[in-house]
Amino acid sequence: MSSPAVPPLPLRDTPDRYGRVTRFLHWGMAALLLWQFIGMVLREILGRTPLVSFFTGSHQMVGTVLFLLTVMRLIWAFANRGNRPAHGEGVLGLGARMGHLALYVVMFTVPAAAILRSYGSERAFSPFGFEIFAARETPITWMVAVGDALHGELGWLMLALIAGHIVMVGLHKAMWRDGTLERMAGRRRG
Ligand code: HEM
């Protein structure tokens, strides 16, 4: 007996599952963030080696793309508000809401702080091989200071939040079996 046909995924989100645009943004950003953190974790462990440079050589370019994707993701989340899977009830639902909010804040702030620092610094900013910000003779010290203070610290906080996010999805899958992962990865409900 053949199983019933699975309807194609819609572009937009629905209360049951996330649509194609949200999934593209979610998994595309996950892959690019993995690349960023592999590079930075290896740099912490090994220092500046050719292997580390293989990953970190594209750090500014990938980070700038991540910033643009985050802006698109914020706009898309706003456009789909009230029409996406709910976070759930009670303390767990509140925790999920707070966790996602914190992720959005760091996804925006981490690259934004680095770009602000580049804008204010003496060096030209050319992540894609052409100049976006020209070199300046005198740095704008407060911009550099904000970037120095926030970029690295919040970058590591983002890694911790992503680890917590993955652990919670694993718990949903193993203990509560409520289809949380399937809403972002699967084609069927639950
Ligand atoms: C979501 C995107 C990004 C993530 C997750 C990220 C993450 C990180 C992390 C974890 C570090 C190591 C900090 C440390 O050594 O303690 C770092 C360093 C660095 N990042 Fe990024 N970054 C991103 C985007 C960018 C962008 C867009 C730029 C350039 C405009 C940039 C420029 C740098 C530079 C120059 C360093 C070395 C100096 C420093 O530690 O601040 N990053 N980044």
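Which pocket does the ligand take up? In this predicted model, the ligand's space is the second largest pocket. Let's look at the chain first, then at what holds the ligand's surroundings together.

## The chain

If you trace the protein chain in the viewer, you'll count six helices and zero strands. Written as a pattern along the sequence, that's α-α-α-α-α-α. Along the principal axes, the C-alpha atoms fill a box of roughly 70 × 35 × 35 Å.

## Around the ligand

Now zoom in on the ligand. It has 21 residues around it, and the closest ones are Arg43, His59, Arg117, His151 and Trp156. Sort the shell by residue type and you get 10 nonpolar, eight polar and three charged residues.

Some of these residues put a side-chain N or O atom close to a ligand atom. For Arg117, the side-chain N or O atom is 2.9 Å from an oxygen of the ligand. Trp156 also has a side-chain N or O atom 2.9 Å from a ligand oxygen. With His151, the ligand's partner is a nitrogen atom, and the distance is 2.8 Å. As for where the shell comes from, the elements giving two or more residues to it are helix H1 (20–46), helix H3 (59–79), helix H4 (90–120) and helix H5 (141–176).

## The iron atom

The ligand carries an iron atom, and two histidines of the protein act as donors to it: His59 and His151, each through its NE2 atom, lying 2.0 Å from the iron. Why is the arrangement around the iron called octahedral? There are six donor atoms, and the angles they subtend run from 87 to 180 degrees, which makes it octahedral.

Check where the two histidines sit, too. His59 belongs to helix H3 and His151 to helix H5, so the pair ties together parts of the chain that are 92 residues apart in sequence.

Note on methods. Residues numbered from 1 in each chain as written. Predicted model: local features only at pLDDT ≥ 70, side-chain atom pairs only at ≥ 80, totals over all residues. Heavy atoms only, no water. Near = heavy atom within 4 Å. Polar contact = N/O pair within 3.5 Å; in protein donor to acceptor, adjacent residues only side chain to side chain. 1 Å grid on protein atoms, 1.4 Å probe; cavity = no way out; pocket = protein on both sides within 12 Å on 5 of 7 lines; lining within 4 Å. Sits in = over half its atoms within 2 Å of the grid points. Helix = DSSP H or I, 4+ residues; strand = E, 2+ residues; numbered from the N terminus. Nonpolar A, V, L, I, M, F, W, Y, C, P; charged D, E, K, R; others polar. Donors = N, O, S within 2.8 Å, 3.2 Å for Na, K, Ca; no water. Tetrahedral: all angles 85-135°; square planar, octahedral: opposite > 155°, others 65-115°.
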